[in-house]
Structures are given as structure tokens and as C-alpha cells.
Amino acid sequence: MQKAKKYIQNILLLIFSVIITMRCSQYHTNHQENWNRIEKTVKGISDISKEENIKFIVALIPEIRQVDDLLWQDYSKKIRYNNINLRLPQDKFIEILNTLNVDYIDLLPAFQKMNKNNTFYFKIDYHWNEKGHELAAILIYEKLINNEVV
């Protein structure tokens, strides 16, 4: 029970750390402390998963401005940043996952490819709408099938 509690705490910490770091790191590259914390947390979850014989796969969820070009253009004018790598959060996270030999699915390419005038997010709070959830579910399910998890 103690391991399960620690596992859940690590997941919550990871989610929180990733959200903060991914949002910040889209605009700056100097968040190494946060990335170190994320790597430590992912390693902990990966280690527990291996001990418990649980398949651990990370889904990298894109932020709305990574998907919707018009929103990004509007936002980038407000923050006055140029030459920003919108893939930086995913690329940094994938680097960590590869180092730790943790499997993942990057949802960004499919969301970008299939987006038409903000197809997948609510306009008021930037969370996924029904279509966003549906696309993510399909992509994650395919990954789980291909990895023989289900």
C-alpha cells in the first residue's frame, strides 16, 4: 500500500512538474532544475513500474498554442518572442524518456496534422473538447495495442 501511495504521489508530482515546465520551457531553455526534477520523478515511476511488472508509457499532451497556429501567432505577438521552438517541451521530455528507456507516445504531430480551426480544444479554457479526447484516446489505444499492453 505504501508503494502504491508513493507511486500516486510521484504521478501527481510528475503531472504538475511537466505542466509547469512545458508551459515555461516553450519560451525559455533555462529550466534545467525542473527538467531534472521531471527526470528523477519519471525514473522513480519507471523503477516502481518495473518492480511491479507494470508497463509504463508516457503520453505527451500538446498545449493548445502548439496545435493552433493562429493562437500561437496572436500569443507570440503579446509576449514578443521570436524563433521559439514549439517542440522544445516534447523534445526535452523525449530525450529524458529515451535516456531512461521509457516508452512514450507524442500526440503533438497528430494533433497538428488534423487540426482545423482549433478542432480539439475548448475556446474558453484550452482543455480538450470531445474531439480532442477522442483523438487522444484513439492514438493512445493504438499505441497500447501495438505494444501488446491490451
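In the predicted model, the side chain of N115 reaches the backbone oxygen of V67 at 3.3 Å. A further link is made by the side chain of N115 to the backbone nitrogen of T119, at 2.9 Å. The residue that makes these two approaches, N115, is found in the loop between α6 (108-114) and α7. With a relative accessible area of 14%, N115 is buried, because a residue counts as buried when this value is under 20%. When its neighbours within four places in sequence are left aside, N115 is in contact with V67, D68 and F120, so that V67 appears both in this list of contacts and as the residue whose backbone oxygen is reached by the side chain of N115.

Charged side chains were examined next, and the structure was found to hold five salt bridges. In one of them R65 is paired with E63, and the closest N and O atoms of the two residues lie 2.7 Å apart. Both partners are buried, since R65 has a relative accessibility of 14% and E63 one of 11%, while the limit for a buried residue is under 20%. Another salt bridge joins D91 to R87, with a distance of 3.1 Å between the closest N and O atoms. Here D91, with a relative accessible area of 33%, is partly exposed, and R87 likewise counts as partly exposed, at 25% relative accessibility. Through salt bridges that share partners, R87 and D91 are joined with D106 into one network.

A salt bridge is also formed between D103 and K143, whose closest N and O atoms are 3.1 Å apart. This pair links distant parts of the chain, for D103 belongs to strand β2 (residues 103-106) and K143 to helix α7 (residues 130-146), the two residues being 40 residues apart. The side chains of D103 and K143 are listed as making a polar contact as well, at 3.1 Å. If residues up to four places away in sequence are not counted, D103 touches K55, F56, I57 and V58, together with K143 and N147. For D103 and N147, which stand 44 residues apart along the chain, the C-alpha atoms are separated by 9.4 Å.

Helix α2 (residues 32-51) was considered in terms of its length and of the way its residues are placed around its axis. At 1.5 Å a residue, its 20 residues should span 28 Å, and because the C-alpha atoms at its ends are 28 Å apart, the expected value and the value in the model agree. The buried residues of α2 are N34, W35, I38, T41, V42, I45, S46, I48 and S49. Seen down the axis of α2, these buried residues fall within an arc of 165°, and they therefore line one face of the helix. A general property of such helices helps in reading this pattern: an α-helix has 3.6 residues a turn, so residues three or four places apart point the same way. On the face of α2 turned away from the buried side, the exposed residues E33, K40, K50 and E51 are carried. The helix is followed by N53, a residue whose phi is positive, near 55°.

How values were computed: Residues numbered from 1 in each chain as written. Predicted model: local features only at pLDDT ≥ 70, side-chain atom pairs only at ≥ 80, totals over all residues. Heavy atoms only, no water. Salt bridge = Lys/Arg side-chain N within 4 Å of Asp/Glu carboxyl O. Buried < 20%, exposed > 50% of the residue type's maximum accessible area, 1.4 Å probe, protein only. Helix = DSSP H or I, 4+ residues; strand = E, 2+ residues; numbered from the N terminus. Expected span 1.5 Å × (residues − 1). Arc of directions from axis to C-beta. Polar contact = N/O pair within 3.5 Å; in protein donor to acceptor, adjacent residues only side chain to side chain. Contact = heavy atoms within 4.5 Å.
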